[in-house]
Amino acid sequence: MADIVTLQAQARTGKGGRASAKLRKKGLIPGVVYGHKEPNAEVAVSAEELDRIIRVQHVRTLSLSVDGKAQTVLIKEVQWDHLGRDMIHVDFLRKDASERVKVTVAVELRNAPKQTGGGVLDHPIHVLHVECAFSDIPKDPIRVDVTNLTVGHPIHVRELTVPPALTVLDNPETVVVQLRLPGAEEIAEAAEIATPEVIKKEGKKAGDEEESK
């Protein structure tokens, strides 16, 4: 189960780019909390705290405390500046701990093949699409040991070791990693991968419009 951490937030009333810029100068990031048929809540959170949660703790689920009132949320989307260095806005989606969600989990290769046989390492799948309870969203990647990988014997989605709480949505015959001989045709994937809605940026429903930055 993913760790649940608490992030303090404060309600905000100012809107627009100028108000958001003032918040950032104070070390705060503007954000919005929405979902569960409740009104949108405009908030501001510590840029330092949010950065540590995302980059260091790799946490995606939070107990967001807005002026003392806690609610469970998913970090739905983070917007960055044009350099991809500083956060400029964050979206939080309200969720119940038992509610099932569709998310992506990174696929991370470990070690190196002992014998390549002249093949080149090909890693076409970098994320896995999964469904699980909100409280079971993993913070660690799916790790794949490629020590014994050989030419002609790719590792497929069905061969990955994933936590039992996760339901994998990708086609089981999809190749995750392989040793491919230069010039050889890539191993065809069996079918198109289903894409959960959480992977794409979802348009908010009426009344959920994001403020202009």
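Biologist: Which helix holds both Asp51 and Arg55?
Modeller: The two residues sit 4 apart, about one turn of the helix. Helices are DSSP runs of H or I with at least four residues, strands are E runs of at least two, and numbering starts at the N terminus. The helix spans residues 47-56 and is α2.

Biologist: What kind of model is this?
Modeller: Residues are numbered from 1 along each chain as its sequence is written, and side-chain values use heavy atoms, leaving out hydrogens and water. Local features need pLDDT of at least 70, side-chain atom pairs count only at pLDDT 80 or more, totals for chains, interfaces and linings use all residues, and the model is predicted.

Biologist: How far apart are the closest N and O atoms of Asp51 and Arg55?
Modeller: A salt bridge needs a side-chain nitrogen of Lys or Arg within 4 Å of a carboxyl oxygen of Asp or Glu. Asp51 and Arg55 form one. Their closest N and O atoms are separated by 2.4 Å.

Biologist: Is Asp51 buried, partly exposed or exposed?
Modeller: Buried means under 20% relative accessible area, exposed means over 50%, and partly exposed is in between (1.4 Å probe, protein chains only). Arg55, at 40%, is partly exposed. Asp51 has 27% relative accessibility and therefore counts as partly exposed.

Biologist: How many salt bridges does the count give?
Modeller: Asp51 with Arg55 is one salt bridge. Glu108 with Arg110 is another. By the rule, the count comes to 10.

Biologist: How many residues lie between the positions of Glu38 and Arg94, counted as their distance apart along the chain?
Modeller: Their side chains meet in a salt bridge at 3.6 Å, N to O. The pair links distant parts of the chain: Glu38 lies in strand β3 (residues 38-46) and Arg94 in strand β6 (residues 87-94). Along the chain, they are apart by 56 residues.

Biologist: Is Arg94 buried or exposed?
Modeller: Its partner Glu38 is partly exposed, because its relative accessibility is 40%. Arg94 has a value of 6%, so it counts as buried.

Biologist: Which residues are joined into one network with Glu108?
Modeller: The side chains of Glu108 and Arg110 meet in a salt bridge at 2.8 Å, N to O. Glu108 is partly exposed at 28% relative accessibility, and Arg110 is partly exposed at 37%. Salt bridges that share partners join Glu108 to Arg110 and Arg143.

Biologist: Which strand gives the most residues to the largest nonpolar core?
Modeller: A nonpolar core is a set of buried Ala, Val, Leu, Ile, Met, Phe, Trp, Tyr and Cys residues joined through side-chain atoms within 4.5 Å. The largest has 22 residues, of which Leu128, Ile137 and Val144 touch the most other members. At least two residues each come from β7 (100-110), β9 (127-133), β10 (142-145) and β13 (175-180). With 4 residues, the top contributor is β7.

Biologist: How many residues make up the second, separate core?
Modeller: Its members include Ile29, Val59, Leu64 and Met87. The size of this second core is 19 residues.

Biologist: Which residues form the positive surface patch?
Modeller: Patch residues have over 30% relative accessible area and no salt bridge; like charges are joined within 9 Å, and nonpolar side chains (Val, Leu, Ile, Met, Phe, Trp, Tyr) within 5 Å. Lys and Arg count as positive, Asp and Glu as negative, and His and the chain ends are not counted. Charges are placed at NZ of Lys, CZ of Arg, CG of Asp or CD of Glu, while accessible areas come from Shrake-Rupley with a 1.4 Å probe, only the protein chains shown counting as cover for residues. The patch consists of Arg18, Lys22, Lys25 and Lys26.

Biologist: What is the relative accessibility of Arg18?
Modeller: Arg18 lies in helix α1 (residues 17-25). Arg18 counts as exposed because its relative accessibility is 70%.

Biologist: What separates the C-alpha atoms of Arg24 and Ala47?
Modeller: Arg24 is found in helix α1 and is partly exposed at 28% relative accessibility. Arg24 and Ala47 are 23 residues apart along the chain. Their C-alpha separation is 7.9 Å.

Biologist: What is the phi of His36?
Modeller: His36 is in the loop between β2 (28-35) and β3. The residue is partly exposed, with a relative accessible area of 36%. His36 is not a glycine, although its phi is positive, at about 60 degrees.

Biologist: Where does His58 lie?
Modeller: His58 also has a positive phi, near 55 degrees, and is a residue other than glycine. At 44% relative accessibility, His58 counts as partly exposed. Its place is the loop between α2 and β4 (61-66).
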